[in-house]
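Reader: Hi, can we go through this one together? I'd like to start with the cysteines.

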Amino acid sequence: MRIAICPGSFDPVTLGHLDIVRRASQLFDLVIVAVTVNPNKIPTFSAEKRVELIRRCIQTMPNVEVDCCDGLLADYAKQKNACALVKGLRAVTDFEYEFQMALINKELNPELETVFMTTSSEYMYLSSSAVRQVAGYGGDISKFVPKQILQDVAERFCIERNDTV
Ligand code: ADP
């Protein structure tokens, strides 16, 4: 069985992420969406909430699972018997960082390949930080995040705005 991991912070998951996950699910037997925990960053959504939001969006993808990864991805991949990490590339600006990470992960786990998938052109501009920014001002994010999580994301930022006034 060929297992791939789609890692990311998914804070929150966007239509761009899901497009990559869906396309990866057509190439691999099983795709594990791994919500990574970065101890140096305070996320908007807790890791548990991010997992829950993603779970709602992958209901229609039978060979996709979601999990949390709070250690090294290279070790996590070994533990899950995964042969590849699948990463989405939006622009050349993503490339330098992703290229470095791919080389580091190869050093740490030589059996693990990093597969880069180009974004679909309609999601080129889309990032979780853009979603947070628009939602933070109460803007319409319905074209950016899946409908299953729209209300949760909008409400989270509504609470934040009310807390700051
Ligand atoms: P973001 O940069 O949106 O905060 P993450 O850190 O959660 O996203 O990214 C996880 C993976 O998804 C990375 O490989 C990233 O390049 C990819 N990705 C994020 N947004 C998109 C998009 N709109 N199209 C394609 N890939 C994307």
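Reader: How many disulfides does the structure hold?
Author: Zero. A disulfide here is a pair of cysteine sulfur atoms within 2.5 Å. This is a predicted model: local features need pLDDT of at least 70, side-chain atom pairs count only at pLDDT 80 or more, and totals for chains, interfaces and linings use all residues. Residues are numbered from 1 along each chain as its sequence is written, and side-chain values use heavy atoms, leaving out hydrogens and water.

Reader: Which cysteine sulfur is nearest to that of Cys-57?
Author: That of Cys-6, 14 Å away. Cys-57 is in no disulfide.

Reader: And Cys-69?
Author: Cys-69 is in no disulfide either. Its nearest cysteine sulfur belongs to Cys-68, 7.6 Å away.

Reader: Is Cys-69 buried or exposed?
Author: Buried, because its relative accessibility is 3%. Buried means under 20% relative accessible area, exposed over 50%, and partly exposed in between (1.4 Å probe, protein chains only).

Reader: New topic, the ligand. Which ligand atom is 2.8 Å from a polar backbone atom of Tyr-123?
Author: A nitrogen atom. A ligand nitrogen also lies 3.0 Å from a polar backbone atom of Leu-126.

Reader: How much of the ligand does the protein bury?
Author: 87% of the 540 Å² that the ligand exposes when taken alone. Such areas come from the Shrake-Rupley method with a 1.4 Å probe; for residues, only the protein chains shown count as cover.

Reader: Last one. Why does Val-92 count as exposed?
Author: Because its relative accessibility is 73%.

Note on methods: A polar contact is a pair of N or O atoms within 3.5 Å; within protein, one must be able to donate a hydrogen and the other to accept it, and residues adjacent in sequence count only if both atoms are side-chain atoms.
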